Amino acid sequence: MQNFETVYEEHEKLINQAMFHLKIYRNFDEFYQLGRIALWEAVVKYDPTKSQFEPFAFMMIKFKMVKEMSQLNHISQFESVLEETLFQFALDEQSATVDELNEIEWLMLLPEQERALLKLAFFEDRTNRDIAKILGGTEEAIKKRRQRLIKKVRGMLSGERG
């Protein structure tokens, strides 16, 4: 068996191919390192009687990256729910009703579209699908706008307090 550095130099392209195939453009260094680990695991687990090394290693690398992406997506969804919960607490502290929305100073600093999104999402408890139908756009676009709005308002609120 060759040492790993030699194998790595010969098959580094597999890591790059997997990242290109999966369209990984964020957390590049972390995924690249993950690819190196997967390549090492492929070297350890490879059985030459069953298949060729390159396809085997490519699938190992790709599988490990997809698994990590799935876990990161799950964490991201959890963070999004937590962020919305914390945001709802901040709104509750203001003890605002839909009728009192115009009296909240920080709310008036938001553009009309963001105020509409805020009202629909947190005061009328509408789903992203409903909001997309009302405001126009896709559910995914509404989800991203909602996340950006939460961060923006939380920043405004923490600025008021601090």
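Okay, let's start with one residue, Ile142, which sits in helix α7, residues 139-161. Bear in mind that this is a predicted model. Is Ile142 buried or exposed? It's buried, and its relative accessible area comes out at 0%. Leaving out anything up to four places away in sequence, Ile142 touches Leu117, Asn128, Ile131, Ala132 and Gly136. Take Ala132 from that set: Ile142 and Ala132 are 10 residues apart in sequence, and C-alpha to C-alpha they're 6.2 Å apart in space.

Now, several of those partners take us to α6, so let's go there. Which residues of α6 are buried? Asn128, Ile131 and Ala132 are. Looking down the axis of α6, the buried residues fall within an arc of 105 degrees, so they line one face of that helix. And right after α6 comes Gly136, with a positive phi, near 90 degrees. Gly136 is also one of the residues Ile142 touches.

Next, how α6 packs on α5. As a reminder, two packed helices are described by the angle between their axes and the distance between the axes. Here, the axes of α5, residues 112-123, and α6, residues 128-135, come within 10 Å and cross at roughly 145 degrees. The crossing of α5 and α6 is right-handed. Who makes the contact? On the α5 side we have Gln113, Ala116, Leu117, Leu120 and Ala121, and on the α6 side Ile131, Ile134 and Leu135. Sort them by class and you get 7 nonpolar, 1 polar and no charged residues. Notice Leu117 and Ile131 in that contact; both turned up among the residues touching Ile142 too.

Okay, over to another buried spot, Ala57. Ala57 is found in helix α3, residues 53-94. With a relative accessibility of 0%, Ala57 counts as buried. What does Ala57 touch, again ignoring residues up to four places away in sequence? The answer is Leu14, Leu39 and Ala42. There's also a C-alpha distance for Ala57 and Glu41: 8.5 Å in space, with their positions 16 residues apart in sequence.

One backbone oddity before I zoom out. Most residues other than glycine have a negative phi. Lys23, though, isn't a glycine and still has a positive phi, about 55 degrees. Where is Lys23? In the loop between α1, which is 4-21, and α2, which is 28-45. Lys23 is exposed, at a relative accessible area of 65%.

So, the whole chain. How many helices and strands does the protein have? There are 7 helices and 0 strands. Reading along the sequence, the pattern is α-α-α-α-α-α-α. Of the 162 residues, 32% are buried. On contacts, if you take the ones between residues at least 6 apart in sequence, 58% join residues at least 24 apart. And for the surface people, the protein exposes about 10,900 Å², with carbon and sulfur atoms supplying 53% of that.

To wrap up, if you open the model, I'd go to Ile142 in α7, then look at Asn128, Ile131 and Ala132, the buried residues of α6, and then at the right-handed crossing of α5 and α6. That's all from me.

How values were computed. Residues are numbered from 1 along each chain as its sequence is written. This is a predicted model: local features need pLDDT of at least 70, side-chain atom pairs count only at pLDDT 80 or more; totals for chains, interfaces and linings use all residues. Side-chain values use heavy atoms; hydrogens and water are left out. Helices (H or I, at least four residues) and strands (E, at least two) are DSSP runs, numbered from the N terminus. Buried means under 20% relative accessible area, exposed over 50%, partly exposed in between (1.4 Å probe, protein chains only). Contact means heavy atoms within 4.5 Å. Accessible areas come from the Shrake-Rupley method with a 1.4 Å probe; for residues, only the protein chains shown count as cover. Axes are lines fitted to C-alpha atoms, for helices over the stretch in contact, and angles run from 0 to 180 degrees between N-to-C directions. A crossing is left-handed if the near helix is turned anticlockwise from the far one by less than a right angle, and right-handed if clockwise. Ala, Val, Leu, Ile, Met, Phe, Trp, Tyr, Cys and Pro count as nonpolar, Asp, Glu, Lys and Arg as charged, and the others, Gly among them, as polar. The arc is that of the directions from the helix axis to the C-beta atoms.
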